[in-house]
Structures are given as C-alpha cells and as structure tokens.
Amino acid sequence: MNDASKRSLSGDAAVSEAAAGAILTIDLGAIRENYRRLKARLGGVRCAGVVKADGYGLGAAQVASALMREACDIFFVALLAEGIDLRKAIGTGPDIYVLNGLPPGSEPEARAAGLCAVINSGAQLKAWRAAAHGAGRRLPAAIQVDSGMSRLGLAPAEVETLEGDSSAFEGIDIRYVMSHLACADEPRNPANEQQRLAFERLRAMLPEAPASLANSSGIFLGERYHHDLARPGAALYGINPTPGEPNPMRPVVRLQAKVAQTRRVEKGTGIGYGHAYRAEGPLSLATISFGYADGWLRRSASAAWFEGVRLPFLGRVSMDSVILDISALSPGKLREGDLVELLGPSQSVDDAAGHAGTIGYEILASLGPRFHRRYINR
Ligand SMILES: *Cc1c(COP(=O)(O)O)cnc(C)c1O
C-alpha cells in the first residue's frame, strides 16, 4: 500500500501481525458509511474529509482513498508536511487545504505540491499573493476568518481593513471563506449562533465566495450552519458528534492486545509498579503487550474485554504492559497469544474517553505506531 500504511518503529516497514503486541483494525467501509450518513444530512451541500494528524491516527492516506471512492474530493490537513505526504499518497486531483496556514517561506513547497493555502493572516495573504505572482498564475486558497474561537483566522479588524480592497486578493483564487466553531458539540450554547452571525458579517466584507463553517457537530446544528461545504473529521471516525445523545455514526476502530503471560497470585501479593494494587484474595492475572508507549493514557480506560467479560486493569499501566484481573474467566480460558479487546463492540472510543476524562479525539490521535494495522472494508 502507500506510505502511511507503513508506519512503524523504523518508519519504513509495516508491523506484522505476528510480531506486534497489539492489533488495530480500521474499518474503511464504516468510514465510507459515516461519510454517506453525513452527506444525507447535508442534502446537496458538499462534504470534505478532515484527515489531519494522520487521519485522527487512523491513516490519512487510507482514509482519504476510501473517501475518494465516495466521490469526496476535498481534504483538510493541519500542517503543510501532512499535505505534502497526502498529495504523494493520493496523487493529483482532490484539493488539499492546510488548516494551520503555510509557515513563512514554505509557499513554493506548498505550490509545488499543488496544495491550497488556508490564509489566516494578512502576512499569509501577502505571501500567497507573492507566490501567485512568481508562479504567473492564480493560486487556490480558503480565507479563514476568526468568528469567535480566537484560534486561527483573520481577526475581524483585519477583515475590515480588507473590505473593498480587491487588489489584496490579486492572483488568489478564493475557493472558500471559512471559519471554525468553538462549541458546536453543545447545541444549546449561544456561542454557536453568535459565531454564525459573526461569520456572515465577516464574509460579507470579503470577495464573494462559497462558505464553510460546520465541523462534525456543526452539521447537526441544522441547515443554517451548512453553507456550501462541511468539514467533518471526528464523525467520520465514529466519534459521537452529538454528545449526550445516541451516536448516529458507525464505529470504525477495534483495538486488541495480545496476552503475553498469565499467572495465579495469592492474597496479599503486590501487583505492578509501586505495588499500587495488592491482591485481596487469590487472583488470576494476564499481562498484555500494550501500555502507555502505545498512546494509551496512564489514566485511560480501566478494563479490557474478552468474549463479553470485563477484565479490570490492576495497578499501574506500564510502558509496554498492563496487568488484567482475569479471575472472572474459567481457568485456562485465556491463554498466551489470545487477544483481548480495548476498543470495539465492548468499549467504544467515546466510552474509553469517558473513563479517562478525555475526548474520543485524544484517544484516537494518541494511538501509537507499534500496532499491526489491519484495514478492512465491511
Ligand atoms: C479539526 C477541524 C475540523 C474537523 O472537526 P471535527 O470536530 O473533528 O469534525 C474542521 N475544521 C477545522 C478548522 C478543524 O480544525
């Protein structure tokens, strides 16, 4: 497959299933289904795919290729480096936007890779205009305005200085005017409507162009937020875009770790670093080849699952291992090499995030490079 499928310790060869301590299964069919569900909700509005941070940890190249089979032809990454990699992986054709803007001086590299700039400041606007002048042709861009998140984009005062100044955009093919919502996952938060109105006001001061505001959760705020292009990420990967309500998306990932060893211990035995847990009676234990070096936060989910049985973590998460209490299983049921589930039907990404006091985004984006990655199409 392509470059990104070969993520590994050495960066150049895929981790074999036999050699890996854990297996990450990514259902590209579910990602495609999620894209179709979002499209259905959007009516005729176009839908991009956000594949920053290597496709939220799941493989930007694989995800983008899968979405292209659903006729998705606009992608967003965060960094220029990600855009360059993605362009190599998927070839020419789809538009790739660099959300964080182009670092000063990198414009020729972005142009050579055929990327679209997201212009977040007056300086970036000037630099992209100069790049267009140098290239002798118009260069594509989205103009991002800050409608109230204070993160990226032209500040309102900057937009006002550009109003009516058509020379400011000379050589720039403005494909979109865009902004990003800070609180879209809280439908009752008045900040959403305030941002939407600020966005309308700001874009009216800029040259007329299609508009884009909604991320995953923004799509669920209703039609007024849809504009001409939606930019979902999380929902494509199965994260619930409507927290507190049933998840309308299909789960995408399954993470399983191998049992490295099993043992019995007597009452009073100290377990793991710092003896943070001490057996209150005789216990059956399994140590799995999976730990915080795999991106599992030390405070993260407190159990694995085997055939529907919950196997609590005991003591501290180590760098490369976790000790499970398997006493609930009949003796000999779980053996070396067997797989227990950390993410999947028994424990969703959002469940794991809830246990860890974080969000599904962080769980996915943290998933490490040591897994054997298996791409399926269900
Ligand atoms: C990450 C990001 C998105 C996608 O957000 P999700 O909540 O993952 O759907 C869209 N737009 C911008 C500007 C982003 O940074």
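**The ligand site, domains and internal space**

In this predicted model, the shell around the ligand is made up of 6 nonpolar, 4 polar and 3 charged residues. The residues around the ligand number 13, and those that come nearest are Lys 52, Tyr 56, Ser 216, Ala 234 and Tyr 361. As for where the ligand sits, the space it takes is the largest pocket.

Two of these nearest residues, Ala 234 and Tyr 361, also take part in polar pairings with ligand oxygen. In the side chain of Tyr 361, an N or O atom is found 2.6 Å from an oxygen atom of the ligand. For Ala 234 the backbone is involved instead: a polar backbone atom lies 2.8 Å from an oxygen atom of the ligand. A nitrogen atom of the ligand has a partner too, with a polar side-chain atom of His 180 at 3.3 Å. Taken on its own, the ligand has 380 Å² of accessible area, and the protein covers 94% of that area.

Turning to the overall layout, the protein is divided into domain 1, which spans 28-237, and domain 2, which spans 253-347. The centres of domain 1 and domain 2, taken over C-alpha atoms, are separated by 42 Å. Ala 234, with its backbone contact to the ligand, falls inside the bounds of domain 1, as does His 180. Tyr 361, whose side chain pairs with a ligand oxygen, has a number beyond the bounds of domain 2.

Enclosed space can be looked at as well. Rolling a probe the size of a water molecule over the atoms shows where empty space is left. The count comes to 1 cavity of 30 Å³ or more, and the largest cavity holds about 40 Å³ of space. Its lining consists of Leu 102, Glu 107, Ala 117, Val 118, Ile 119, Gln 124, Ala 127 and Trp 128.

Technical notes
Residues numbered from 1 in each chain as written. Predicted model: local features only at pLDDT ≥ 70, side-chain atom pairs only at ≥ 80, totals over all residues. Heavy atoms only, no water. Near = heavy atom within 4 Å. Polar contact = N/O pair within 3.5 Å; in protein donor to acceptor, adjacent residues only side chain to side chain. Areas by Shrake-Rupley, 256 points an atom, 1.4 Å probe, with all protein chains shown as cover. 1 Å grid on protein atoms, 1.4 Å probe; cavity = no way out; pocket = protein on both sides within 12 Å on 5 of 7 lines; lining within 4 Å. Sits in = over half its atoms within 2 Å of the grid points. Nonpolar A, V, L, I, M, F, W, Y, C, P; charged D, E, K, R; others polar. Domains from an automatic or database assignment. Points joined across faces, edges and corners; volume = space filled by probe spheres on them.
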